[in-house]
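Me: I would like to go through this structure with you, starting with the cysteines. Could you begin with the criterion you apply?

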Amino acid sequence: METNETKTQETPAQVTSFADLGLSDVLLTALEKKGFEKPSPIQADIIPIILNDERDIVGQAQTGTGKTAAFGLPVLEKLDESSSAIQALVLTPTRELTLQVADELNGLRGMKQIKITPIYGGQSFERQKKQLQRPSGIIVGTPGRLIDHIKRGNIDLSELKFAVLDEADEMLTAGFVEDIEWILSKTNPERKTLLFSATMPAPIAKLAKEYMKESVTVSTKRETLTTSLTEQIYFEVRESDKLEALCRIIDVEDEFYGLIFCRTKRDVDAVAEKLIHRGYDVEAMHGDFS
Ligand code: AMP
């Protein structure tokens, strides 16, 4: 039977604590260490549903809403430390997101002994194969490389408890829908499926319908966590006026501390050098520094 229940969270959720949501001490300690004080709306909505084994979830949420912890915390809670099977799989559209999600999950697991393995194209296949020989709790990865490993028997998803599709609309744009379907067909049919997407284009809605049993849709329309504490301003300036404008912005503040992001390493060196030349206390940082 299919249930199309929709919970829409437009106003800030009631203030609850992570402890009220039913997480155990080991994860609460990890959250304290990470400095998360209270759950974001999507976390308050989703964590209890997953902890209570209720249903599959379609989460309409953008990056910045705390969606990674919304699925990561309850999934970590439900996994068995003594099992050597792959118990959860998180599919992401890019190598960057794979690493970001794996990092976040590593921070959230605290002392819970669950191995988190990122798998993506561009990294040595043999090295990944070796990593996969040891017991593994959660695999985070991009579809193409995961398929290679599944085909060669390096990944067994028959005991999977959770399949998470992160940024499903981005995976659609990247042309991964058939790959996702193939991967899902190799997983334990009893698994729970959690799908997250900022938008719901028709092929994603269809995917959700076909691969999810009784699902609940949770959407968060609130401002994202990352922007709520930051005022964002932009100035339109000519390329030739950029340095002058930057210096004025710095000078306006009594004590200016800041990060300046550039597109290339060469830009980083050039901007830092020009600012240092003008007497500002600046350090450059990019991948070529030890
Ligand atoms: P995400 O939407 O999962 O990409 O998360 C955005 C950022 O918010 C990440 O840097 C998280 O570490 C952070 N974050 C997630 N949940 C919370 C929370 N409850 N309190 C504070 N920060 C959070």
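Reply: A disulfide is a pair of cysteine sulfur atoms within 2.5 Å. Please note that the model is a predicted one.

Me: How many disulfides does that rule give here?

Reply: The count under this rule is zero disulfides.

Me: Why is C247 not in a bond?

Reply: The closest cysteine sulfur to that of C247 belongs to C262 and lies 13 Å away, which is too far for a bond because the rule requires the two atoms to be within 2.5 Å. C262 is likewise in no disulfide, its nearest cysteine sulfur being that of C247.

Me: And is C247 buried or exposed?

Reply: C247 is buried, with a relative accessible area of 2%. C262, by contrast, is partly exposed, at 29%.

Me: Let us turn to the rings. How many aromatic pairs are there?

Reply: The count is one aromatic pair. F71 and F196 form this pair, with ring centres 5.3 Å apart and planes at 40 degrees. The pair is classed as tilted because its angle falls between the limits of 30 degrees for stacked and 60 for edge-to-face.

Me: Where do F71 and F196 sit in the chain?

Reply: F71 belongs to helix 3 (residues 67–78) and F196 to strand 7 (residues 192–197). The two are 125 residues apart, so the pair links distant parts of the chain. Both F71 and F196 are buried.

Me: What about helix 3 itself, how long is its span?

Reply: Helix 3 has 12 residues and reaches 17 Å from its first C-alpha to its last, close to the expected 16 Å. Of its 12 residues, 11 are buried, so helix 3 is largely enclosed by the rest of the structure. Among the buried residues are K67, F71, P74 and E77.

Me: Which rings have a charged end sitting over them?

Reply: The ring of W182 has the charged end of K151 over it, 5.5 Å from the ring centre. The charged end of R152 sits over the ring of F125, at 4.5 Å from the centre.

Me: F125 also begins a helix, I believe. What unit does helix 5 belong to?

Reply: Helix 5 (residues 125–133) makes a right-handed β-α-β unit together with strand 4 and strand 5. Strand 4 (residues 116–119) and strand 5 (residues 138–141) pair in the parallel sense, over four bridges.

Me: Which residue stands opposite I116?

Reply: I116 stands opposite I138, in strand 5.

Me: Now the backbone. What is unusual about the phi of E167?

Reply: E167 has a positive phi of about 50 degrees, although it is not a glycine. E167 lies in the loop between strand 6 (162–165) and helix 7 (168–173). At 16% relative accessibility, E167 counts as buried, because the limit is under 20%.

Me: And G287, where does it lie?

Reply: G287 lies in the segment after helix 12 (265–277). G287 is exposed, with a relative accessible area of 66%. The C-alpha atoms of G287 and M212 are separated by 42 Å, the two residues being 75 apart along the chain.

Me: Finally, the overall picture. How many helices and strands are there?

Reply: The protein chain has 12 helices and eight strands. Its C-alpha trace spans about 65 × 50 × 40 Å along the principal axes. Of its 290 residues, 42% count as buried.

Conventions:
Residues are numbered from 1 along each chain as its sequence is written. This is a predicted model: local features need pLDDT of at least 70, side-chain atom pairs count only at pLDDT 80 or more; totals for chains, interfaces and linings use all residues. Side-chain values use heavy atoms; hydrogens and water are left out. Buried means under 20% relative accessible area, exposed over 50%, partly exposed in between (1.4 Å probe, protein chains only). Rings of Phe, Tyr and Trp (its six-membered ring) pair if their centres lie within 6.5 Å; planes under 30 degrees apart count as stacked, over 60 as edge-to-face and the rest as tilted. A charge sits over a ring if NZ of Lys or CZ of Arg is within 6 Å of the ring centre and within 35 degrees of the ring normal. Two strands pair if DSSP finds at least two bridges between them. A crossover is right-handed if, with the strands pointing away from the viewer, the path from the first strand over the helix to the second runs clockwise. The expected span of a helix is 1.5 Å times one less than its number of residues.
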